[in-house]
Amino acid sequence: MADIDGDGRPDILAGNYWIRSPESFEMPWRLFAIEPWNEAPESAMLRLVYGPLTGAAPELLIAQRKAQPARLARFEKPADPRQLWIEHAIDAVPDLAQPNSLDIADFAGDGRPDILLAESAGAGRLLILYNEGGGRFAPQAIAKGHPIQFAQAADINGDGRPDILTIRQDAISWWENRGPPRESR
């Protein structure tokens, strides 16, 4: 849920659409398309995150779950959010397979939100896409070989840095962020 149209009421993000909240509950809700990924029923199997990614304004980050290969893109909200949103493909992981989890957090501590991705198929990777600015992201595999059912960024130990919590069929794991994961950018 997020206030997509800026009217002070929470709207709903759902798959390829956002649903505008009415002024009062008994009035009709309105459905608006965000993006045209609808080639097949699987195209609408998405993971969504709404928040600032490349600037101060929130964007919608979408990972397509069931397509092969899966797609990853950020969608910029147009001035009139009732129109189709502007797609910016993120092709940092060309062989992405069934991303089951998607989150945004500043793992590098550089003030730029990075992308957390976890695959439930294929190589079964846990990935961080480091935000290099200008809409560019550099992937780094944190783990691979075990499909992940769920992953989320959270400061588990309270040290001010986002860690990663993962759930697999056989384990729940905490991936501690021990500081800047890469030398210099």
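So, β12 and β13: these two strands run antiparallel to each other and pair over five bridges, with β13 covering residues 163–167. Keep in mind that this is a predicted model. If you want one pair to click on, take Ala153, whose bridge partner in β13 is Ile164.

Now zoom out a little. The sheet here has three strands, in the order β12-β13-β14, it's open, and the pairing is antiparallel. Which strands stand at the edges? That's β12, residues 150–154, and β14, residues 172–175; each has a single partner strand, so one side of each is left without a neighbour in the sheet. On average, neighbouring strands in this sheet are turned by 15° against each other, ignoring direction. And a quick reminder for everyone: strands in a sheet pair through backbone hydrogen bonds, parallel or antiparallel.

Okay, Ile164 again, since it also turns up at the largest pocket. That pocket has 13 lining residues, and Ile164 is among those nearest its centre, along with Ile128, Ile142, Glu176 and Asn177. The space in there is about 160 Å³. Two strands, β10 (126–133) and β11 (136–143), each give at least two residues to the lining.

Last stop, Asn100. You'll find Asn100 in strand β8, residues 99–105. Is Asn100 buried or exposed? Buried: its relative accessible area is 10%, and the cut-off for buried is under 20%. Its side chain makes a polar contact with the side chain of Arg65, at 3.1 Å. Leaving out residues up to four places away in sequence, Asn100 touches several others, including Arg47, Glu119, Gln149 and Phe150.

How values were computed:
Residues are numbered from 1 along each chain as its sequence is written. This is a predicted model: local features need pLDDT of at least 70, side-chain atom pairs count only at pLDDT 80 or more; totals for chains, interfaces and linings use all residues. Side-chain values use heavy atoms; hydrogens and water are left out. Two strands pair if DSSP finds at least two bridges between them. Helices (H or I, at least four residues) and strands (E, at least two) are DSSP runs, numbered from the N terminus. Axes are lines fitted to C-alpha atoms, for helices over the stretch in contact, and angles run from 0 to 180 degrees between N-to-C directions. Buried means under 20% relative accessible area, exposed over 50%, partly exposed in between (1.4 Å probe, protein chains only). A polar contact is a pair of N or O atoms within 3.5 Å; within protein, one must be able to donate a hydrogen and the other to accept it, and residues adjacent in sequence count only if both atoms are side-chain atoms. Contact means heavy atoms within 4.5 Å. On a 1 Å grid over the protein atoms alone, a cavity is a set of points where a 1.4 Å probe fits but cannot get out, and a pocket is an open set with protein on both sides within 12 Å along at least five of seven lines; lining residues have an atom within 4 Å of a point. Grid points are joined across faces, edges and corners, and a volume is the space filled by probe spheres set on the points.
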